[in-house]
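Biologist: I have not looked at this one before. Can you walk me through it?

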Amino acid sequence: MSAPKPGLRKEAVPMPKQTPQERKANFKEVAIGYTEESALSEAQRCLQCKEAPCSKGCPVEMCIPEFIKLIKEHKFSDAAMKIREKNSLPAVCGRVCPQEEQCQARCTVGRIGDPISIGRLERFAADWERQHGSVIPEKAAPTGKKVAIVGAGPAGLTVAADLVKLGHEVSVFEALHKPGGVLTYGIPEFRLPKKIVEAEAEYIGKLGVTLRTDALIGRLYTVEELLHNFNAVFIGSGAGLPTFLGIPGENLCRVYSANEFLIRVNLMKSYDFPKAGTPIYVGEKVAVIGGGNVAMDSARCAVRLGAKEVKIVYRRSKEEMPARAEEIENAEEEGVSFEFLTSPLRLLGNERRTVKSIECVRMRLTEPDKSGRRRPVPIEGSNFLMDVDSVILAIGRTPNPIIKQTTDDLVTADWGGIIVDETGKTSLNAVYAGGDIVTGEATVISAMGAGRKAARAIHEFLSEK
Ligand code: FAD
Ligand code: SF4
Ligand code: SF4
């Protein structure tokens, strides 16, 4: 195993960011990105470990030492091409992957100091390529086989890119008017600018993938109908259905699911209203219920929409919060406050049926539950009222049932997810699935990893036919 060299610089080159004061007032990207000089300086720290433990931590098995070596050698375009051999959305992953738990968690240099900033270097190479022109790789000869993909999120786009390069004819059917899935409608502009997602989707289009938007499978065609025209189908329809608390008052005005709120802010560009986009009202006091990344994104959007007091209401403590530490820190820096060990009991409205307060109860933690996290129980008599102008519910998402309801014999789990074998194959012949529709809410890179695996299995299946 490689050992860190004595004298190696332990600190990673920092990523410049907008200050909290600046960024609270705009939707521009918070992290500004490495310059050529900073990327070269960070790349110098990489030890080029032969065993590449970092690559083993990447769900799409990126050739990390190889692309960093190309950056060291100033071959930025080649570095981007090397990344693209394994990753169809590098500018996205470089920005939103939880690198600290994946590739970077295994970096040898991390044993003595900051791990190599793999995500930042990946972002640098991908951005450099976008600004200087991308090279479209050669494709295999046409196989005459056709594949339909349901959903243009990270899972579907990965399968599409992998299969088109192998010579198959690929069509993606997307329910919304834009591709990208959560990358387009969920993750806010200040973390992932939409022009980046558009450019990544355009690149996949240039590879020869046909994208059909406003095409809801289950209504326009069923999966069975797709199989009449295609040799295989991949379902990557995600988990876009919001979960509710099931408490009184959830149907009051100005109570939003995080899905609706983020779609209106990101996809419908509420932040640009009245110049463009649709309006959304948050008022001065906003409560966001939940403790994951979606809650942090919602809270940070509310700050930027002008709310004066944004509170995250979470029933466990900070240690149990599922959100990335970096996102919690960003939210704190932007003035978001936290009501830990607090759970909402009911939402109260005024005479116009608009939410005005939340009755909450304080919680205490007991023994761990099935998720391994300590179970919160209410403290009797600790009820209190929290004044609010709007409430955003960010407590989870499940799959939309339309595919399940319209596809005979497709085996699904109780919570609605599609059940697949280790190759990504469903209970139906020639039908594969992957991403959030199989795992429930996960990450961009895990959806892409599932897409890569299914693409391999689809290719083998088509090659045998
Ligand atoms: P999706 O991205 O959900 O894409 C599914 C696509 O299928 C959608 O475009 C949908 O419109 C389409 N579709 C659905 N049904 C049909 C149908 N019947 N016919 C046709 N099309 C259909 N992960 C990270 O790694 N880092 C983060 O920072 C991060 N932040 C997040 C923030 C938010 C607000 C949210 C909601 C999620 C976040 N995630 C993050 C999770 C990540 O985005 C998802 O795990 C990932 O997008 C899942 O990819 P997917 O392709 O399976 O599904
Ligand atoms: Fe790391 Fe994600 Fe890039 Fe893989 S895709 S190397 S996990 S940042
Ligand atoms: Fe080694 Fe880290 Fe460089 Fe990977 S990124 S080759 S683990 S030093």
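Modeller: We can go through the ligands and then the sheets. This is a predicted model, where local features need pLDDT of at least 70, side-chain atom pairs count only at pLDDT 80 or more, and totals for chains, interfaces and linings use all residues. Residues are numbered from 1 along each chain as its sequence is written, chains are lettered from A and ligands numbered from 1 in the order in which they are written, and side-chain values use heavy atoms, with hydrogens and water left out.

Biologist: How many residues surround ligand 1?

Modeller: The count is 35, and the closest are V96, E174, R191, I217 and D436. A residue counts as near if one of its heavy atoms lies within 4 Å.

Biologist: What does E174 do there, in terms of atoms?

Modeller: One of its polar side-chain atoms lies 2.6 Å from an oxygen atom of ligand 1. With V96, a backbone N or O atom is 2.8 Å from a nitrogen atom of the ligand. For D436, a polar backbone atom is 2.9 Å from a ligand oxygen atom. A polar contact here is a pair of N or O atoms within 3.5 Å; within protein, one must be able to donate a hydrogen and the other to accept it, and residues adjacent in sequence count only if both atoms are side-chain atoms.

Biologist: How much of ligand 1 is covered?

Modeller: The protein covers 95% of the 1000 Å² of accessible area that ligand 1 has on its own. Those areas come from the Shrake-Rupley method with a 1.4 Å probe; for residues, only the protein chains shown count as cover.

Biologist: Why does ligand 1 lie between two domains?

Modeller: Domain 2 (146–240 + 398–464) and domain 3 (244–395) both give residues to its shell, so ligand 1 lies between them. The domain bounds come from an automatic or database domain assignment.

Biologist: And what sits around ligand 3?

Modeller: Its shell includes C46, C49, C54 and C107, along with Q48 and T108. By class, the shell has 10 nonpolar, 2 polar and no charged residues. Ala, Val, Leu, Ile, Met, Phe, Trp, Tyr, Cys and Pro count as nonpolar, Asp, Glu, Lys and Arg as charged, and the others, Gly among them, as polar.

Biologist: How does ligand 2 split by class?

Modeller: The shell of ligand 2 has 9 nonpolar, 3 polar and 1 charged. C58, C97, Q99, C103 and E122 are the closest of its 13 residues.

Biologist: Now the sheets. In what order do the strands of the open sheet with strand 16 come?

Modeller: The order is 3-2-1-4-16, with parallel pairing. Its edge strands are strand 3 (210–212) and strand 16 (431–433). Strands are DSSP runs (E, at least two residues), numbered from the N terminus, and two of them pair if DSSP finds at least two bridges between them.

Biologist: Which strands are in the open sheet with strand 14?

Modeller: That sheet has the order 6-14-7-8-9, and the pairing is parallel. Within this sheet, strand 7 (residues 285–289) pairs with strand 8 (residues 309–313) over 5 bridges, and K285 has E309 as its bridge partner.

Biologist: Which sense does the pairing of strand 10 and strand 11 take, parallel or antiparallel?

Modeller: Antiparallel: strand 10 (residues 342–349) and strand 11 (residues 355–368) share 7 bridges. R346 is partnered with E359. The hairpin has 5 residues between the strands, and R353 there takes a positive phi near 55°.

Biologist: What else does strand 11 pair with?

Modeller: Strand 11 runs antiparallel to strand 13 (residues 384–387), with 4 bridges, and antiparallel to strand 12 (residues 374–378), also with 4 bridges.
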